[in-house]
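User: Please take a close look at a single part of this model, the second largest pocket and what surrounds it, and describe it in one connected account.

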Amino acid sequence: MTVDPPQPEMSDGKPLHVSMRVTSRGNAIVHEMQEAGTPIDPARYDHPVTMFYLDSGRLTLVHYCDAGNRPRMVARPSVDGLPVEFDFSDLSGGKEYGHMHHAIFTFIDANHHIEDWTYMMPGDKPVHAHFDLKRAQ
């Protein structure tokens, strides 16, 4: 998937590549984000990974952040499931560099979805990122 339009505050104006795939015999979804065209090199490039899974009937995510922490969020109950909104539950690791705090996934169709992420900077200052993602053709 590609980001349309690119989000300068999240990628310095460079396009991003987002992939989502089912893993663990259908028990989890892996969501990976990286600057398009860069190798997976954790010493030089950001490469956050988010895992989605059901935990006791609740849709849960853990965001493995480049800030060195792992916030866990739980989806809000919804009548129709759209959009899927995740609220902060707890955090493993430090928050001296901030942490992901909230996420909303809005599915338009099989080839298009929107992601809205809120990152809490130190001092609880929110930074919002909006990604309009379309499947690469």
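**Met20 and the second largest pocket**

Analyst: At 34% relative accessibility, Met20 counts as partly exposed, because that class covers values from 20% to 50%. The model is a predicted one, and Met20 is a useful place to begin. Met20 belongs to strand E2, which spans residues 16–23, and together with Val22 and Ile29 it forms a nonpolar patch on the surface, the three having about 240 Å² of accessible area together.

Met20 and Ile29 appear again at the second largest pocket, where they are among the residues that lie nearest its centre, along with Phe52, Leu59 and Phe107. The lining comprises 15 residues in total, and the space in this pocket comes to about 280 Å³. Several strands contribute to the lining, since at least two residues each are supplied by E2, strand E3 (28–35), strand E4 (49–55), E7 and strand E8 (99–109).

Of these strands, E7 (residues 84–92) can be followed into its pairing with E6, which is antiparallel and runs over six bridges. Strand E6 (residues 70–75) also pairs in the antiparallel sense with strand E5 (residues 58–64), here over three bridges. Arg72 links the two descriptions: in E6 it stands opposite Val62, and its bridge partner in E7 is Asp90. The hairpin of E5 and E6 has five residues between the strands, and in this hairpin Gly68 takes a positive phi near 90 degrees.

Definitions and conventions:
Residues are numbered from 1 along each chain as its sequence is written. This is a predicted model: local features need pLDDT of at least 70, side-chain atom pairs count only at pLDDT 80 or more; totals for chains, interfaces and linings use all residues. Side-chain values use heavy atoms; hydrogens and water are left out. Patches are made of residues with over 30% relative accessible area and no salt bridge: like charges are joined within 9 Å, nonpolar side chains (Val, Leu, Ile, Met, Phe, Trp, Tyr) within 5 Å. Accessible areas come from the Shrake-Rupley method with a 1.4 Å probe; for residues, only the protein chains shown count as cover. A salt bridge is a side-chain nitrogen of Lys or Arg within 4 Å of a carboxyl oxygen of Asp or Glu. Helices (H or I, at least four residues) and strands (E, at least two) are DSSP runs, numbered from the N terminus. Buried means under 20% relative accessible area, exposed over 50%, partly exposed in between (1.4 Å probe, protein chains only). Two strands pair if DSSP finds at least two bridges between them. On a 1 Å grid over the protein atoms alone, a cavity is a set of points where a 1.4 Å probe fits but cannot get out, and a pocket is an open set with protein on both sides within 12 Å along at least five of seven lines; lining residues have an atom within 4 Å of a point. Grid points are joined across faces, edges and corners, and a volume is the space filled by probe spheres set on the points.
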